[in-house]
Each structure stands twice: as C-alpha cells, then as structure tokens.
Amino acid sequence: MAPEKKSVVSRRKFLDLTTKGALATTALVSGFPTIVPASVFGRNAPSNRINVGAIGVGRISRTHDMPGVWQYDNALIMAVCDVDSKRVEEGKQLVNGVYAKKTGKSYDGVRGYGDYRELLANKDIDAVLISTPDHWHAPMVVHAVNAGKDVYMQKPASLTISEGRLMADAVKRTGRIMQVGSQQRSSHQFRFAAELVRNGRIGQLKTVSVGLPGDPSGEEEPEMPIPKNLNYDMWLGTTPEVYYTEKRVHPQKDYDRPGWLRCEQFGAGMITGWGSHHIDCSHWAMNTEYTGPVEIWGKADFPKKGLWDVHGIFRTEALYENGVRMVVSNELPNGIKFEGTDGWIFVSRGDSSVTASDPIAKQKAAKALDASDPKILESVIGPNEIHLPVSKEHHGNWLESIVSRKEPIAPAEVGHRSCSACLLHHAAMKLDRKLYWDPKKEQFKNDAEANKLLSRTQRSPYAIQVVASTKSK
C-alpha cells in the first residue's frame with residue numbers, strides 16, 4: 001500500500017495560521033513537547049482531531065497505551081483490533097465507557113477489527129498504537145507507515161536485527177512519525193541523569209552497569225483446544241506453527257501477564273523486555289544512540305525443559321568504540337549505574353512500574369536518582385551545556401510530534417539501535433563466546449554463525465521481506 005500523506009494531512013488541517021501561532025507560543029513557554037489544548041483545536045472539531053486505532057488490546061494496551069492517549073482531548077481512539085474477538089469486544093466496551101464518562105453521554109463510537117490490515121485500510125484513522133507481542137512489532141510498523149499512518153509502538157522495536165533495520169528504513173522512507181514505547185525517556189530522572197553524564201559531572205565515563213529483572217522458567221504444558229474466539233494462526237504470525245496451550249499465548253479469563261513473554265519464539269526475554277528501556281537510556285547518556293557496541297561477550301543459563309525457555313540468570317558485557325564498557329545482568333539492582341573518573345550516578349524507576357503484574361526485581365532501588373556525592377544531583381545544567389529534549393509524557397509527546405511533524409523523543413532509528421544492542425547481548429548468551437560487531441554494516445565481523453542470528457525464517461502468509469541493510473544514520 002502506498003503512503004497516504006496528502007489525504008491524512010488535508011483532513012486534519014491542523015496548521016492554519018491560528019494553530020501555528022498557538023503551537024509556537026506553547027512551545028516557547030514550556031519547551032518541546034507540549035500538547036495543544038482542546039481550546040485551540042475546538043473540542044467539537046473532528047477535522048482537528050487525531051483519530052487513533054489500537055492494535056492489540058491486551059494488558060499493556062488497557063493499562064498503559066490506550067489510557068496514555070485517551071487522556072488528551074485532541075486525540076480519539078476510534079477503533080480497536082485484536083486476534084482475540086473477546087478482547088475486541090471488551091476493548092470496545094472499555095473505550096466506549098471512557099468516552100461516555102468524559103462526555104457525560106452514552107457513547108458507542110468505537111469500531112472493532114479482527115485483522116489489523118482492515119484497520120489500516122480505514123482512511124479515517126490517522127495513527128495507530130501497536131501493543132502486540134514482540135514478533136508482530138516490526139511487520140505491523142512497516143505495514144502501518146506504508147498505509148500512511150503514524151505509529152506508537154511498544155518496545156522492543158523488533159524480534160530480530162534485520163527486521164528492525166527494515167522497520168527503521170520504512171519509517172524514514174515514508175516520513176511518518178513513529179514513537180517507540182521507551183517511556184523512561186519521558187521521566188525527569190532518566191533525562192537529568194543522562195544530561196549530568198553528558199556534561200561531565202562524573203568526569204570521563206568508564207563503565208555503565210545495567211540491572212534487569214528476571215523471569216522464572218516453567219513446566220511443560222499440555223496441548224489445548226484453540227479457543228473459538230482466538231485466531232491462533234494469525235497470532236503466531238511469522239513464527240513457526242506450534243500447538244496451542246494457554247500459557248504460550250495470553251490468559252483467557254483476565255489480563256494478567258501473558259506467557260508468550262517467556263517464550264523465545266516470540267521474544268528474547270528480559271534482555272529485550274526491560275533491556276530496551278535501560279540500554280536505551282544508557283545510550284542516551286553515552287551519546288551512542290545511533291551506533292552500538294563493537295565487542296560483546298557473556299554467559300547465561302537457559303531452561304533445560306519446560307514451555308518457557310527465555311534466558312535465566314545471566315551476565316553479559318559490551319565494549320563501545322569510545323572505550324566505555326557496559327555490564328548487563330539480572331543480578332544487579334534494577335536500574336543504570338554510570339561510573340566515571342570523578343564519581344557515579346545511579347538512576348531507576350524507583351518503586352514504580354507500568355503494570356501491577358510487572359516482574360519484581362531482586363533488589364528494589366531505594367532512590368530513583370542517587371550519586372556518589374549529593375552535590376552532583378544539585379548541579380544545574382548551564383545554558384551553554386548539552387540539554388536533551390524534554391518530554392513530560394510519552395504518549396503526549398507522540399501526539400505533539402504528529403501535529404508538529406518533528407521527531408519524537410524515542411524515534412524509530414534510536415529504538416532500533418537500542419533493541420539491536422539488546423539482541424547482540426542475547427547472541428552472546430546463545431553462542432557463549434566473544435562477538436565482534438560492525439555498527440555501520442550491522443553485521444558480525446567474519447562470523448557466519450553469529451550472522452545467522454540476525455534474522456529468522458518467516459512463515460507464510462505472514463512473512464515480510466527482510467533484507468539486511470548496510471545503511472546507518
């Protein structure tokens with residue numbers, strides 16, 4: 001499908017002279033990004049509203065992504081889509097109920113879809129939330145931007161590095177706005193920690209230590225009848241056909257944490273699940289957002305039996321071209337520790353989480369931001385120093401970018417590079433030896449066995465063409 005940029009822009013008509021003036025004023029007063037208030041657009045002006053379709057309406061969508069959008073009056077969730085028809089109906093009920101409460105009137109304006117391609121064909125939809133399992137992320141982004149839609153996509157960016165490159169290139173080619181759901185970039189403490197490191201408050205950066213939560217293994221699970229409400233073949237997507245069992249997919253009775261998160265067929269485990277957050281923010285502070293490590297090594301324990309087969313206890317390390325060494329392990333406190341020649345800074349989410357069913361770290365951080373010397377955290381970033389972009393709320397930053405057409409706080413290329421680094425650590429776990437990476441060519445050096453891990457065979461009819469690219473930003 002060809003991009004529909006002209007039709008999308010013309011129907012919104014955001015950028016008349018009045019709106020331009022309001023955008024300029026709000027940006028100058030509070031700094032980028034700022035969500036344009038409903039009074040500017042006109043609360044009842046459909047042509048000025050961003051119509052959003054939600055693809056995948058499970059746990060993370062219901063508790064994080066859709067609430068992140070429906071809080072803004074210049075956006076409307078007009079459609080929901082899921083391969084589980086029960087979740088489609090419950091998603092419609094949820095969103096309709098929210099808008100009924102907001103308007104004080106009966107509301108039944110949300111349309112349901114079982115196939116995301118039908119949702120993308122709806123020209124009234126301007127943008128999509130992609131809150132699906134990891135193996136569907138990159139293919140859906142490619143299809144969405146080709147259909148002229150702007151995208152908010154849950155992290156990690158892709159299942160493989162080759163898919164991630166295809167995704168980032170498609171976003172760049174089509175000129176669409178894409179925000180990766182690395183919402184820590186919209187948290188004050190992570191941005192401030194990165195600015196302190198970038199401006200030399202701990203001297204020359206030497207080591208970055210990244211602590212992640214862990215995931216337990218499980219038992220073998222019996223084959224079960226496929227629920228009539230689930231299109232299991234489409235749920236599997238590009239991955240191999242395997243028998244259905246509920247703990248491989250998602251719960252049928254509630255929206256608790258789904259079992260697919262612990263299956264390597266659909267993701268790499270916590271190294272990408274939480275690593276995409278912490279390694280992304282590490283890259284932000286290291287000024288390596290558009291590159292990656294050059295050497296990676298480490299070890300991991302993998303379950304010897306059971307349905308859930310993602311990595312267990314692990315420790316991996318990486319060396320960057322600038323000489324900084326990164327250590328990643330689930331035996332470290334959950335967060336990021338930056339160590340330099342003149343001190344250290346530790347940053348984390350503190351005791352906060354995205355959903356109630358997030359895994360609990362071995363050690364909770366007592367403070368969201370800490371340092372070897374309290375005076376480091378009292379430092380003021382001067383006007384002539386490095387100031388990183390400010391985002392007060394991640395979904396709001398995405399909506400603002402749709403209006404302004406400026407790059408969001410977590411764009412596609414940055415998300416791809418963060419995910420790639422995670423997948424490089426995963427490759428080192430699998431091969432149990434030192435690997436040498438070329439960040440420009442995005443290939444392992446003289447290592448055919450390692451390069452086989454850059455892509456996976458894709459199953460028809462869901463396969464998308466994945467060609468490893470040598471392009472870099």
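In which sense do strands S12 and S13 pair, and over how many bridges? In this predicted model, strand S12, which covers residues 343-347, pairs with S13 in the antiparallel sense, and the pairing runs over three bridges. Within that pairing, Phe346 has Asp370 in S13 as its bridge partner.

**The sheet and a helix on it**

These two strands belong to an open sheet of nine strands with mixed pairing, in the order S13-S12-S11-S7-S10-S9-S8-S14-S15. Strand S13 (369-371) and strand S15 (443-444) are the edge strands, each of which pairs on one side only. Helix H15, made of residues 412-431, packs on this sheet and touches strand S8 (295-300), strand S9 (314-319), strand S10 (325-329), strand S14 (435-438) and S15, while the direction of the helix makes about 55 degrees with that of S8.

One residue of helix H15 is His425. Because its relative accessibility is 0%, His425 counts as buried. Leaving aside neighbours within four places in sequence, His425 is in contact with Ile271, Ile279, Ile296, Thr316, Glu317, Ala318, Met326 and Val328. With Thr316, the side chain of His425 also forms a side-chain to side-chain polar contact, listed in the table below.

**A tryptophan in a loop**

Trp308 is found in the loop between S8 and S9. With a relative accessible area of 13%, which is under the 20% limit, Trp308 is buried. Beyond its neighbours within four places in sequence, Trp308 is in contact with Pro216, Ser217, Gly218, Lys247, Gly259, Arg262, Cys263 and Pro303. The side chain of Trp308 also reaches two backbone oxygens, those of Lys247 and Gly259. Although Trp308 and Glu264 are 44 residues apart in sequence, their C-alpha atoms are 7.8 Å apart in space.

The polar contacts of these two residues are set out here.

| Side chain | Partner | Distance |
|---|---|---|
| His425 | Thr316, side chain | 2.8 Å |
| Trp308 | Lys247, backbone oxygen | 3.2 Å |
| Trp308 | Gly259, backbone oxygen | 3.2 Å |

**Confidence along the chain**

The protein chain has an average pLDDT of 88, and 85% of the residues score at least 70. Over residues 1-44, however, the pLDDT is below 50, although this stretch has 82 contacts in the model beyond near neighbours in sequence. Residues 466-473 likewise stay under 50 in pLDDT, and for them the model has 22 contacts beyond four places in sequence.

Notes
Residues are numbered from 1 along each chain as its sequence is written. This is a predicted model: local features need pLDDT of at least 70, side-chain atom pairs count only at pLDDT 80 or more; totals for chains, interfaces and linings use all residues. Side-chain values use heavy atoms; hydrogens and water are left out. Two strands pair if DSSP finds at least two bridges between them. Helices (H or I, at least four residues) and strands (E, at least two) are DSSP runs, numbered from the N terminus. Contact means heavy atoms within 4.5 Å. Axes are lines fitted to C-alpha atoms, for helices over the stretch in contact, and angles run from 0 to 180 degrees between N-to-C directions. Buried means under 20% relative accessible area, exposed over 50%, partly exposed in between (1.4 Å probe, protein chains only). A polar contact is a pair of N or O atoms within 3.5 Å; within protein, one must be able to donate a hydrogen and the other to accept it, and residues adjacent in sequence count only if both atoms are side-chain atoms. pLDDT is the predictor's confidence in each residue, from 0 to 100.
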